[in-house]
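Here's a walk through one protein model, for anyone who likes to know which side chains sit where. Have the structure open and click along.

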Amino acid sequence: MLGGAGALLGLAAGTAQAAEVSYATHCVPPAGITPVDGTSKVEITAPATAKVGDTVNVVWKFVQAASKNPNIIDLPADSVQPSGVLKAAGAQTADIAMQGPRKNPAIPKGGDMVLSDMTGSLKLTTAGEVTLTPDAYTVNAMSTDTKCTPTVTVPKAATIEVSPGAGGTSSTTPSPTDTASQSSSPSASTSPSDTASASASPSDGTGSGQTDFTGKEVDIPYTCQSPLGTKKATSPIQINAKKAGGSFDLTVQFKKSVMDSPADIPKGSVKPSMEVVLGGADKGTVHVEGPTNASDIKTGDPIEIPDLTGTYKPGASGSSTLSPGVLTISALGTTTTCKPDRTAVSLTLDTTQQASGASGGSSTSGGTSTGGSSSGGLAATGSGDHGALKALGLVAGTAVLLGAGVFTFMPGRRTR
């Protein structure tokens with residue numbers, strides 16, 4: 001019954017015990033899916049006896065999750081990861097952080113959620129009876145979270161009799177495992193520099209004969225609004241320019257390597273674009289865009305954001321600055337919009353006003369690629385997979401692009 005769990009129990013602890021409890025649970029899935037009220041059945045394995053100073057490991061086994069996989073998409077193998085909190089009470093009070101590996105069989109639409117065993121540890125500090133009770137848990141599937149919370153008082157699932165021991169401390173802080181990540185993530189941000197530099201390669205764009213201008217790499221913090229909710233992330237971005245008559249051909253690059261794809265993504269399904277913000281002498285924006293993915297992206301393959309290109313036609317004479325602006329990801333009828341929390345100048349150009357230039361408006365000529373939808377909402381194009389897309393806001397392999405992970409894979413380009 002205990003299987004491999006016994007191997008995880010702390011040294012010097014007594015014989016392992018396992019107890020199962022059931023409790024009513026309210027689960028809140030990603031936006032667009034109706035919350036679920038169900039029953040969680042959990043088995044907690046812990047040592048029956050231990051002494052002060054021991055660090056004991058405990059195992060949380062899901063006999064039954066409170067919610068099933070929505071009848072929308074099949075979840076691929078090894079795409080689901082649970083995390084949660086186990087409450088210690090009695091002689092010692094603590095929250096024990098629990099986490100399981102991203103390990104599961106393929107789960108069909110409407111199928112029972114199969115969740116891996118979670119583990120955590122607790123350093124025992126006080127003699128007496130310590131009880132262990134399951135609390136809230138989160139199911140992370142393809143970069144989206146379903147949060148499940150008890151709606152009743154949960155019965156204790158295990159008890160550890162702690163005897164006095166030499167070297168015990170008064171600390172009640174457990175030694176938790178790491179909490180679950182987003183994507184995979186994916187999806188951790190780095191803090192950008194608070195000082196935005198307005199410098200770039202010296203350029204006059206007019207009389208010096210220079211034609212190529214290299215911008216500075218700047219870290220831009222974004223808040224992304226998708227059909228699945230709001231996420232924050234930071235990406236290093238660089239804007240380069242090449243003089244073409246009185247205008248400039250722009251190339252916007254996302255730097256550093258990308259995350260691996262958690263699922264298959266079909267070719268031609270994802271298209272990025274950005275509004276580059278003008279400042280200094282000129283005002284307005286320049287639209288740049290990239291091509292859709294030219295080939296299928298297989299599970300485990302890297303995801304890259306291609307170069308975004310467009311043409312900047314100056315609307316004023318003087319020193320004009322270019323900064324990363326709003327980023328848009330369009331895919332299969334859905335749109336995710338990422339707005340910079342603050343921006344920084346990547347490139348400064350000496351410009352000469354052109355007829356019908358950008359000043360105060362948008363310079364949109366350019367954009368060397370085509371394809372992809374720029375629709376502003378979820379598709380409502382009938383039944384089948386598109387109806388499912390409307391309900392969930394993702395389709396199979398594009399989940400990481402349309403939902404919580406749309407910016408988890410940012411920055412989106414290998415350093416060249």
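Phe-248 is a buried residue in this predicted model, because its relative accessibility is just 1% and the cut-off for buried is under 20%. Phe-213 comes out buried as well, with a relative accessible area of 1%. Their rings form an edge-to-face aromatic pair, with 6.0 Å between centres and 65° between planes. Phe-213 belongs to strand β11 (residues 212–213) and Phe-248 to strand β14 (residues 247–254), so this pair ties together parts that are 35 residues apart in sequence.

What else does Phe-213 lead us to? Asn-240 touches Phe-213, and its other contacts beyond four places in sequence include Thr-214, Gly-215, Asp-249, Leu-250 and Leu-347. You'll find Asn-240 in strand β13 (residues 229–244). It counts as buried because its relative accessibility is 15%, and the cut-off is under 20%. The side chain of Asn-240 also has a polar atom 2.9 Å from the backbone nitrogen of Gly-215.

Now for the aromatics more broadly. How many aromatic pairs does the structure hold? There are five. One of them joins Trp-60 and Tyr-137, again edge-to-face. Trp-60 sits in strand β4 and Tyr-137 in strand β8, so here the pair ties together parts 77 residues apart in sequence. Both of these residues are buried. Add Phe-62 and you get a cluster: ring pairs link Trp-60, Phe-62 and Tyr-137.

Here are the two edge-to-face pairs side by side:

| Aromatic pair | Centre to centre | Angle between planes |
|---|---|---|
| Trp-60 and Tyr-137 | 6.1 Å | 75° |
| Phe-213 and Phe-248 | 6.0 Å | 65° |

Trp-60 and Tyr-137 turn up again in the largest nonpolar core. That core has 42 residues, and Trp-60, Leu-132 and Tyr-137 are the ones touching the most other members. Strands that each supply at least two of its residues include β1 (16–28), β2 (36–47), β4 (55–64), β5 (80–90) and β10 (158–163). Which strand gives the largest share of this core? That's β8, with five residues. Apart from this core lies another one, made of 31 residues, including Tyr-222, Phe-254, Val-286 and Val-288.

For a contrast with the buried residues, look at Thr-126. It's in the loop between β7 (118–123) and β8 (128–141). Is Thr-126 buried or partly exposed? It counts as partly exposed, because its relative accessibility is 30%, and that class runs between 20% and 50%. Setting aside neighbours within four places in sequence, Thr-126 is in contact with Val-52, Ala-91, Gln-92 and Val-162. Val-162 is 36 residues away along the chain, yet the two C-alpha atoms are separated by 7.2 Å. Thr-126 also makes a side-chain to side-chain polar contact with Thr-125, at 3.3 Å.

Finally, zoom out to the whole chain. The protein has two helices and 22 strands. Of its 416 residues, 48% are buried. The accessible surface comes to about 17300 Å², and carbon and sulfur atoms account for 52% of that.

Conventions: Residues numbered from 1 in each chain as written. Predicted model: local features only at pLDDT ≥ 70, side-chain atom pairs only at ≥ 80, totals over all residues. Heavy atoms only, no water. Helix = DSSP H or I, 4+ residues; strand = E, 2+ residues; numbered from the N terminus. Buried < 20%, exposed > 50% of the residue type's maximum accessible area, 1.4 Å probe, protein only. Areas by Shrake-Rupley, 256 points an atom, 1.4 Å probe, with all protein chains shown as cover. Polar contact = N/O pair within 3.5 Å; in protein donor to acceptor, adjacent residues only side chain to side chain. Contact = heavy atoms within 4.5 Å. Core = buried A, V, L, I, M, F, W, Y, C linked by side-chain atoms within 4.5 Å. Phe/Tyr/Trp six-rings, centres within 6.5 Å; stacked < 30°, edge-to-face > 60°.
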